[in-house]
Amino acid sequence: MTYRIGVDAEVCMSSGKCVADAPGLFRFDDDEIAEMIPGAEQPHDERILDLARACPSGALVVTDADSGEEIDVN
């Protein structure tokens, strides 16, 4: 299974954990909400799970790249 990671902007609390942990993948928008960097390469599955689990607000969403189904990372 291949995973994809994204940001739920409605849940993001701007802790900066994802930006600090993966600055080539995430950045802050003008409102200081995390967002994906356009064109950034998705990391391997274990890294995606680690990043999502480390998000204090649970704003990083992991999905199955084929089905689009959300993966429970806990």
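This report looks at the nonpolar core of a predicted model and at the helix α2 that helps to build it.

Let's start in the middle. The largest nonpolar core of this model is made of 20 residues. Ile 5, Phe 26, Leu 51, Leu 60 and Val 62 are the ones with the most contacts inside this core. Four elements each bring in at least two of the core's residues, and you can look them up here:

| Element | Residues |
|---|---|
| β1 | 3-7 |
| α1 | 17-21 |
| α2 | 45-54 |
| β4 | 60-64 |

Which element gives the most to this core? That's α2, with 4 residues.

Now zoom in on Leu 60. Leaving out residues up to four places away in sequence, Leu 60 touches Ile 5, Gly 6 and Val 7, then Cys 18, Phe 26, Leu 51, Ala 52 and Cys 55.

Back to α2. Ile 48, Leu 49, Leu 51 and Ala 52 are the buried residues to find in this helix. They sit on the same side of α2, because the arc they cover around the axis is only 165 degrees. And what lies over the buried residues of α2? The cover includes β1, α1, β2 (26-28) and β4.

Helix α2 also holds Arg 53. Is Arg 53 buried, exposed or partly exposed? Its relative accessible area is 47%, so Arg 53 counts as partly exposed, a class that falls between under 20% for buried and over 50% for exposed. If you'd like a distance to check in the structure, take Arg 53 and Leu 25: they are 28 residues apart in sequence, and their C-alpha atoms are 16 Å apart in space.

Notes:
Residues numbered from 1 in each chain as written. Predicted model: local features only at pLDDT ≥ 70, side-chain atom pairs only at ≥ 80, totals over all residues. Heavy atoms only, no water. Core = buried A, V, L, I, M, F, W, Y, C linked by side-chain atoms within 4.5 Å. Buried < 20%, exposed > 50% of the residue type's maximum accessible area, 1.4 Å probe, protein only. Helix = DSSP H or I, 4+ residues; strand = E, 2+ residues; numbered from the N terminus. Contact = heavy atoms within 4.5 Å. Arc of directions from axis to C-beta.
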